[in-house]
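Please take a walk through this protein with the model open beside you. The route goes from confidence to fold, and then to single residues.

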Amino acid sequence: MQNTRCTQGKPHKLEMLSPLLALPWLITIFCLIFVRCDAISIAVSASAAAILSAIILIISFRQAANKSWQIEGNVLHFARGVSDKRYTTLRLDRISSSEICDTPFYSLFGGTRVRLYSCASPRPVFSMILPKNQAAELINLTAAVFGTQKAVKPRYLVHKKYSALLSALTSCESFLPLFTSALLCAFGRGKTEMYVIAAALWLLALLHTILSVLSECRMSVCHVNCGYAIQTGFFGGRKIFIPDRAIIGMIETRSPIAAICRAGKFELLCAGGRRITCINWYDGDNSEQAACRMIGCAGKIFAVISAPSALRNRYFKQIAMCVIFAAAAWRVALLIPDVFQPAYTVGFVLATSLLLLHAVIGMRCGGEFGISLANGSVRACGMNQIMCKYMTLRIGQISVIKIRRDFADKLRGTCTAEIIPKGRKRGVKCRCLPYERFLAACDRII
């Protein structure tokens with residue numbers, strides 16, 4: 001059923017002030033350039049920042065004055081630019097997700113930012129600060145074409161308490177800086193520079209944890225007949241609407257600590273490649289069935305392509321290589337001058353630890369790795385660096401399959417396959433797959 005209404009509008013007045021959010025960063029850069037604290041340096045920094053801010057304000061005012069949007073039928077027309085006017089036309093039923101980003105600053109002036117995403121790119125094709133009434137009308141018009149089925153009772157996904165904090169603390173973005181900071185403190189040998197770098201890495205991990213908790217806390221996920229409605233964050237936060245037709249799969253990631261706890265983070269994979277978190281911390285059983293149910297592809301598994309014994313042998317050899325590498329690095333350390341000893345020690349301990357961690361996590365979770373086929377989905381499980389990755393896709397949503405065989409693979413009849421979904425540049429690498437069986441199943445996978 002097509003929408004025949006015609007509505008239009010212009011951005012909120014905050015749209016022309018949004019580029020000024022970069023002003024504190026500009027002032028900081030100018031202050032770093034003129035390090036001296038004399039009157040002349042301060043005056044030059046303040047003048048340069050004021051002139052640049054005025055230029056940005058004039059340009060943003062002219063651009064905001066010429067921005068407009070209009071909906072005719074099921075087509076969105078969006079115009080922007082001053083001298084080189086640009087127009088964008090987008091069918092509403094081609095929108096993969098729509099998002100409302102609300103902050104206390106926007107709410108104070110009665111505005112909110114609306115972002116629309118298409119199937120062509122993970123970046124928004126429409127991003128504008130609108131008055132609240134216009135934003136609600138635009139979102140209602142885009143959501144109206146998500147589905148015309150009879151409404152059913154909403155179903156909420158249950159989230160554990162403190163799940164956002166657990167996910168942020170165990171993520172690789174927090175784990176790696178903390179781990180490196182501990183190595184710098186342990187092997188720095190009293191060097192002040194090492195302690196300064198360790199403190200900076202610790203603060204970086206703390207900042208990432210705080211920002212992640214603020215952005216993903218109080219998550220509410222509601223599944224209705226036409227798609228998902230997700231709300232996260234404090235003070236309004238973000239509200240995201242995703243139609244079922246735009247969901248092509250589910251991605252579950254496990255950091256090293258989460259893999260030991262048998263927990264994972266679930267993300268919806270939308271057409272265009274955008275990933276949206278829907279479960280921060282899932283430690284229940286049958287994660288494969290849970291992922292299939294969330295994308296509407298629950299069914300019996302009829303084929304599993306994997307070689308667990310070959311995979312365990314691969315990771316066992318990697319552990320042996322780590323031991324040999326550590327012994328060789330220790331012998332080389334005797335020839336390094338004392339000035340470079342701390343940096344060299346931290347470097348080879350970090351490299352050895354990461355390789356050893358990759359092998360240990362691979363041996364622990366290797367029994368789940370491989371490719372499995374169900375009636376309406378395909379699931380690829382493997383490791384990227386030190387992250388375990390489980391990707392469940394609907395049949396027909398794979399764009400590229402890369403196959404690589406080294407000398408060891410040819411001897412044991414295996415291969416390494418990377419499954420890349422549509423809209424993404426990288427996928428999941430599945431190692432030690434039976435080569436002949438995988439080739440026979442490629443037609444079903446694609």
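Confidence varies along this predicted model. Helix α1, residues 23-33, has the lowest mean pLDDT among the elements, at 60. Strand β12, residues 247-254, has the highest, at 93. For the protein as a whole the mean pLDDT is 82. A value of 70 or more is reached by 86% of the residues. Where pLDDT is low, predicted coordinates should not be read in detail.

Next, the overall make-up. The secondary structure comes to 13 helices and 21 strands. The protein has 446 residues, and 45% of them count as buried. Its exposed area is about 23,600 Å². Carbon and sulfur atoms supply 64% of that area. Now consider contacts with a sequence separation of 6 or more. Of these, 57% are between residues 24 or more positions apart.

Turn to the sheet formed by β19, β20 and β21. Its three strands are ordered β19-β20-β21, the pairing is antiparallel, and the sheet is open. Strands β19 (398-404) and β21 (428-434) are the edges, each pairing on one side only. On average, neighbouring strands of this sheet are turned by 25° against each other, direction ignored. Strands of a sheet pair through backbone hydrogen bonds, either parallel or antiparallel. Strand β20, residues 414-421, is joined to β21 by five bridges. Find Ala417 here: Cys430 in β21 stands opposite.

A helix goes with this sheet. Helix α13, residues 435-445, lies across β19, β20 and β21. Its direction is at about 170° to that of β19.

Stay with β21 for a backbone detail. Cys432 lies in this strand. Its phi is near 60°, a positive value in a residue other than glycine. Is Cys432 buried or exposed? Its relative accessibility is 1%, so Cys432 counts as buried.

Arg218 also has a positive phi, about 50°, and is not a glycine. This residue sits in the loop between α7 (192-216) and β9 (220-224). At 60% relative accessibility, Arg218 counts as exposed. So two non-glycine residues with positive phi can be set side by side: Cys432 is buried, whereas Arg218 is exposed.

Now move to strands β6 and β7. Strand β7 covers residues 126-131, and five of its six residues are buried. The strand is therefore largely enclosed by the rest of the structure. Strand β6, residues 111-118, runs antiparallel to β7, and six bridges join the two. Within this pairing, Val114 stands opposite Met128 in β7.

Strand β6 also leads to the charged pairs. Side chains of opposite charge can pair when their charged atoms come close. A search of the whole structure finds 13 salt bridges.

One of them joins Arg115 and Glu99, with the closest N and O atoms 3.4 Å apart. What does this pair tie together? Arg115 lies in β6 and Glu99 in β5 (residues 95-102), so the pair ties together parts that are 16 residues apart in sequence. Glu99 is buried, with a relative accessible area of 2%.

Strand β5 takes part in another salt bridge, between Lys132 and Asp102, whose closest N and O atoms are 3.1 Å apart. This pair links distant parts of the chain. Lys132 is in helix α4, residues 132-144, and Asp102 is in β5, with their positions 30 residues apart. The two partners fall into separate accessibility classes. Lys132 is partly exposed at 35% relative accessible area, whereas Asp102 is buried at 16%. The cut-off for buried is under 20%, which is why Asp102 falls in that class.

Arg94 forms a salt bridge with Asp93, and here the closest N and O atoms are 3.5 Å apart. Arg94 is partly exposed, with a relative accessible area of 47%. Asp93 is also partly exposed, at 21%.

Last, look for a cluster of charges. Which residues are linked in a network of salt bridges? They are Glu252, Arg254, Arg262, Glu368 and Arg379.

Methods: Residues numbered from 1 in each chain as written. Predicted model: local features only at pLDDT ≥ 70, side-chain atom pairs only at ≥ 80, totals over all residues. Heavy atoms only, no water. pLDDT = per-residue confidence, 0-100. Helix = DSSP H or I, 4+ residues; strand = E, 2+ residues; numbered from the N terminus. Buried < 20%, exposed > 50% of the residue type's maximum accessible area, 1.4 Å probe, protein only. Contact = heavy atoms within 4.5 Å. Areas by Shrake-Rupley, 256 points an atom, 1.4 Å probe, with all protein chains shown as cover. Pairing = 2+ DSSP bridges. Axes fitted to C-alpha atoms, helices over the stretch in contact; angles between N-to-C directions. Salt bridge = Lys/Arg side-chain N within 4 Å of Asp/Glu carboxyl O.
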